Amino acid sequence: MGDGQVGWKQITVVFCVLLAILFVGAGIFKALEENLYNPEAVPERVHKVEDVVVEFVKNHSYVTNHDVYELLKRIDIARHGYIDNTIHENTSENYHLDYMESWYFCMTIVTTIGYGHMGPVTDAGKLFCCIYALLGIPVWIILLTLVGAQLSDSSRWIEKRVRELLARVTQIPRKFRAPGLAISLTIMITSFFFLPALVFHKVETWTYLEAIYFCVITLTTVGFGDFVAALPTDDMHIAANVVYKISVFLWIIVGLAFLAGSLERIGTALKILGEKVTDMDLDPTEITDGPENEVIGETNEAHDADSNHVNGAEHKNGSNNVTNVRKSGKEKEIEPQELADWGKNGHYIQDTKL
């Protein structure tokens, strides 16, 4: 069994675990929010909205509370693309949270995107979010690591095929990686940014620039929340919206894994480049072995003169047995005390090279 098969089996197992965490977590969050909702404990800003609505209706007798809240909903949708779930017409009634909206909220927690389009209303819901994040995020990171490894293999395969093709068609050698790497990255970026942006442009009725902006902000996990995809609308059927949500989730998984893998490859390439530049900047005397290549008391000109002298002697005598006294650049170093002793004994200082 190959490593790729083992990798995909691991991905399948971790993906199923993550799905279980999402669906179970969505049910728990929905139950906590609905059953423990206390109308008296709603945020202060909700009471301020209610006071503003009451004041407005009092001054304009031709409108009702329902009309004003419907207007607020439409304004929220027009400005943000979603409705503030904490502000509704009758805060004294039971709080209702759609299951798939709860699932989508849990997805934004484990992926660390956190759009901020909704949040827990109850204290139990807030506590659950803290625990849920600590449990779900590690599983998410494991899944990203596994998927990123598979995508890196695919990217290398594409890069290799591109280099082989360029080597056949052009004179670019196969070892030159830049064109293959650039083309493989272009294919990946197009697959995870430009094509999904085109889908969001059509489905969400955003401009293409806004769709590109949403893709980048989402896959970098910045998650401003000014644009949120797959929220329920009157124009989309409930079943279609569920499929749309799951599709967005799958895109986030693969896109985040690709982005993380690409950043890792770029970091590795920069590290290797830095090491090569460091090696090029080294002083040659730091690379060579100084003591073995060091010549005492002679200049390069003296080396050349002695070499010419020896070569001349070889030519004159016709002997092939003349030993080059300069072996591996080694010379015997004359100590000052030895010079003094030789001078006292009447010895002449001659060439002491070994």
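Are Y115 and F214 buried or exposed? In this predicted model, Y115 is buried, and F214 is buried as well.

## Stacked rings around F214

The structure holds 16 aromatic pairs. In one of them, the ring centres of Y115 and F214 lie 6.1 Å apart with their planes at 25°, so this pair counts as stacked. Because Y115 belongs to the loop between α4 (99–110) and α5 (123–169) while F214 belongs to helix α7 (residues 208–219), the pair ties together parts that are 99 residues apart in sequence.

F214 also pairs with W251: the centres of these two rings are 6.2 Å apart and their planes stand at 25°, so this pair, too, is stacked. The contact links distant parts of the chain, with F214 in helix α7 and W251 in helix α8 (residues 238–281), 37 residues apart. F214 counts as buried because its relative accessibility is 1%, and W251 is likewise buried, with a relative accessible area of 11%.

## The aromatic cluster and a charge over a ring

Y115, F214 and W251 belong to one aromatic cluster, which also includes F200, W206, Y213 and F227. Elsewhere, a ring has a charged partner: the charged end of K245 sits over the ring of Y104, at 5.4 Å from the ring centre.

## A nonpolar patch on the surface

At the surface, I189, F194, L195, L198 and Y208 make a nonpolar patch of about 420 Å². Helix α6 (residues 178–203) contributes the largest share of this patch, namely four residues. L195 lies in this helix, and because its relative accessibility is 48%, L195 counts as partly exposed.

Conventions:
Residues are numbered from 1 along each chain as its sequence is written. This is a predicted model: local features need pLDDT of at least 70, side-chain atom pairs count only at pLDDT 80 or more; totals for chains, interfaces and linings use all residues. Side-chain values use heavy atoms; hydrogens and water are left out. Patches are made of residues with over 30% relative accessible area and no salt bridge: like charges are joined within 9 Å, nonpolar side chains (Val, Leu, Ile, Met, Phe, Trp, Tyr) within 5 Å. Accessible areas come from the Shrake-Rupley method with a 1.4 Å probe; for residues, only the protein chains shown count as cover. A salt bridge is a side-chain nitrogen of Lys or Arg within 4 Å of a carboxyl oxygen of Asp or Glu. Helices (H or I, at least four residues) and strands (E, at least two) are DSSP runs, numbered from the N terminus. Buried means under 20% relative accessible area, exposed over 50%, partly exposed in between (1.4 Å probe, protein chains only). Rings of Phe, Tyr and Trp (its six-membered ring) pair if their centres lie within 6.5 Å; planes under 30 degrees apart count as stacked, over 60 as edge-to-face and the rest as tilted. A charge sits over a ring if NZ of Lys or CZ of Arg is within 6 Å of the ring centre and within 35 degrees of the ring normal.
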